[in-house]
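Let's take a walk through this structure together, one spot at a time. Have the sequence and the 3D view ready as you read.

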Amino acid sequence: MAGPGTEMKAVVLDGPGSFQARPLPIPEPRGDEVLCRVMSVAICGSDPKIVKGATRPTWPPSYPFVIGHEWAGEVVGGSADLAASQAAKFRPGTRVAGEAHKGCGSCENCLRGRYNLCLDYGNEAAGHRHYGFTSQGAYAEYIAVSIQALHLLPDAISFDQAAMLDTAGVAVHAVQRGRIGIGDTVVVVGDGPIGILTMQYARTAGAGEVIVVGSGPRLQMARELGATGVDFTDVGGSIDRVVTLTGGMGADVVFECAGIRSSCEQSVMMVRKGGRLVMVGNPIEPATIPWGKVSLDEIELIGCRANPNVSDRALRLISTGVIRVEGLITHNFPLDDFGEALATFVEQRDGAMKVVVNP
Ligand SMILES: [Zn+2]
Ligand SMILES: [Zn+2]
C-alpha cells in the first residue's frame with residue numbers, strides 16, 4: 001500500500017471533558033478494511049455527551065479514544081486480505097462516506113438485516129464496530145473502516161454534504177419505522193438537523209401536513225422547507241396548538257427528535273387515538289410515559305436506532321436534490337480547532353446547526 005507515513009493528527013479524548021489534537025499512529029487496515037483519508041466530519045448531538053463522559057462506560061469503553069462518526073473522505077489503500085473485486089471497487093481515490101454501525105454479520109439480528117441491533121454489540125473480536133462510539137472514530141486524518149460500512153459517493157455530492165449522510169439516514173430510517181400513510185398528519189418535535197430532515201423525508205413519503213415544533217431561526221427554516229411551524233415558547237403550549245391544528249384529534253404519526261425529557265413526555269400527548277410515536281431522540285434522563293393513554297388509545301410506541309440499510313437511498317435523495325442538506329451546514333473548522341467547533345455546536349453560536357470539521 002502506498003503509505004501516507006506512520007503518524008497522523010487526531011483529536012484524542014483522554015478522559016471526561018479532556019481532549020487534545022495530537023499525533024497517533026495511522027491505523028493499519030486489516031481483514032475487510034480500507035484506510036481512508038477523512039475530509040469532512042460533522043459534529044453529532046451525541047458527540048458532546050460522549051466528550052463530557054455522560055455516556056460512560058458504554059461510549060467510549062476506555063481512554064484514550066477517538067470519537068466522530070459522521071464522516072466522508074477518500075480511500076487511500078486496502079488491507080492485503082481484501083478480495084480482488086472489493087479492492088477494485090474501493091480503489092485509492094474512491095470517494096466514500098462512512099456509516100457508524102457495522103454488525104458482526106453472523107448473529108441472529110445481523111442475519112435479519114438489523115445490524116444496528118447486533119447481539120455482539122461492542123465486541124470487536126466478533127467483528128462488531130460502532131465507529132466513534134466503541135471503535136476508533138473519524139476526528140482524525142485517517143480511519144481504517146470495514147468496506148461494509150462504506151458507501152460510494154455520487155459525483156454531485158461534496159464531502160461536506162456527504163458528512164450529513166448519517167443524520168439523513170437516521171431520518172430516513174425513522175420515517176420508514178413510522179409507516180406514514182398518504183395524506184397523514186405528521187408532527188416532528190424538535191427543529192435540529194434530524195428534525196428538519198425527518199420533516200423533509202416525511203413530506204416525500206406522502207404526509208399531508210407536517211407540523212414542526214421548535215423555535216427561532218431553526219423553526220423559520222422548517223417553515224421555509226414546507227412545514228407548518230408551532231413555536232413551543234408561545235403561551236398556551238405546543239400540545240394544545242398541535243391538537244387544535246389537527247382538528248382536535250392529534251397527529252397520525254409523531255416523531256420525537258429533540259431527545260429531552262419534556263419533549264418526550266409532550267410528544268405522547270400529541271398522538272391521535274390509534275396513532276404512532278416514533279422515538280428518534282435518545283434522552284439520557286428517563287421520561288415518564290402516560291401508560292393509560294398509550295394502552296386505551298392504542299398508541300404504538302416505536303423505538304428507532306441509527307440508520308441501517310438506508311444510506312444509498314438517502315444519498316440518492318440528496319444527490320437528486322429532493323432532500324436539501326446544504327442549508328444545514330453552518331460552520332467549518334480545521335481539526336486543530338475541535339474545541340472551538342464543539343463549543344460553536346453546543347452553544348448554537350451564530351445560528352450553528354451542523355458544524356463540520358475538516359481534518
Ligand atoms: Zn450521528
Ligand atoms: Zn451481529
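The side chains of serine 40 and asparagine 358 are joined by a polar contact of 3.3 Å. Bear in mind that what you're looking at is a predicted model. Serine 40 has another polar contact through its side chain, this one with the side chain of aspartate 160, at 2.6 Å. If you want to find serine 40 in the fold, look in strand β3, which runs over residues 33-42. Is serine 40 buried or exposed? Its relative accessibility is 2%, so serine 40 counts as buried, the cut-off for that being under 20%. What surrounds serine 40, once its neighbours within four places in sequence are set aside? The residues in contact with it are Glu70, Trp71, Ala72, Phe159, Asp160, Ala163, Val356, Val357, Asn358 and Pro359.

One name in that list, Glu70, takes us to a metal. The zinc ion (ligand 1) has Cys44 (SG), His69 (NE2), Glu70 (OE) and Asp166 (OD) as its protein donors, at 2.1 to 2.7 Å. Along the sequence, these donor residues follow the spacing C-x24-H-E-x95-D. Cysteine 44 and histidine 69 are 25 residues apart and link distant parts of the chain: cysteine 44 sits in the loop between β3 and α1 (46-52), histidine 69 in the loop between α1 and β4 (70-78). Cysteine 44 counts as buried because its relative accessibility is 12%, and histidine 69 is buried too, with a relative accessible area of 2%. What about the geometry? The angles between the four donor atoms around the zinc ion (ligand 1) run from 82 to 158°, so the arrangement is irregular.

Now for the other zinc site. Which residues hold the zinc ion (ligand 2)? Cys104, Cys107, Cys110 and Cys118 coordinate it, each through SG, at 2.3 to 2.4 Å. You can spot them in the sequence by the spacing C-x2-C-x2-C-x7-C. Here the four donor atoms subtend angles of 102 to 117°, and therefore the arrangement around the zinc ion (ligand 2) is tetrahedral; for that label, all angles have to lie between 85 and 135 degrees. Cysteine 110 is buried at a relative accessible area of 12%, and cysteine 118 is buried at 5%.

Next, have a look at the rings. How many aromatic pairs does the structure hold? There are three. One of them is phenylalanine 19 with phenylalanine 338, an edge-to-face pair whose centres are 5.3 Å apart and whose planes are at 85°. This pair ties together distant parts of the chain, since phenylalanine 19 belongs to strand β2 (residues 18-25) and phenylalanine 338 to helix α12 (residues 338-346), 319 residues apart. Phenylalanine 19 counts as partly exposed, with 29% relative accessibility, while phenylalanine 338 is buried, at 2%. Ring pairs also bring in Tyr139, giving a cluster of Phe19, Tyr139 and Phe338. Elsewhere, phenylalanine 159 has arginine 95 lying over its face, at 4.7 Å from the ring centre.

Our last stop is alanine 343, which is found in helix α12. At 17% relative accessibility, alanine 343 counts as buried. Apart from neighbours within four places in sequence, alanine 343 is in contact with Gln348 and Arg349. Between the C-alpha atoms of alanine 343 and alanine 10 there are 18 Å, with 333 residues separating the two along the chain.

Notes: Residues are numbered from 1 along each chain as its sequence is written. Chains are lettered from A and ligands numbered from 1 in the order in which they are written. This is a predicted model: local features need pLDDT of at least 70, side-chain atom pairs count only at pLDDT 80 or more; totals for chains, interfaces and linings use all residues. Side-chain values use heavy atoms; hydrogens and water are left out. Helices (H or I, at least four residues) and strands (E, at least two) are DSSP runs, numbered from the N terminus. Buried means under 20% relative accessible area, exposed over 50%, partly exposed in between (1.4 Å probe, protein chains only). A polar contact is a pair of N or O atoms within 3.5 Å; within protein, one must be able to donate a hydrogen and the other to accept it, and residues adjacent in sequence count only if both atoms are side-chain atoms. Contact means heavy atoms within 4.5 Å. Donors are N, O and S atoms within 2.8 Å of the metal (3.2 Å for Na, K and Ca); water is not among the atoms, so sites may look incomplete. Four donors count as tetrahedral if all angles lie between 85 and 135 degrees; four count as square planar and six as octahedral if opposite donors are over 155 degrees apart and all others between 65 and 115; anything else is irregular. Rings of Phe, Tyr and Trp (its six-membered ring) pair if their centres lie within 6.5 Å; planes under 30 degrees apart count as stacked, over 60 as edge-to-face and the rest as tilted. A charge sits over a ring if NZ of Lys or CZ of Arg is within 6 Å of the ring centre and within 35 degrees of the ring normal.
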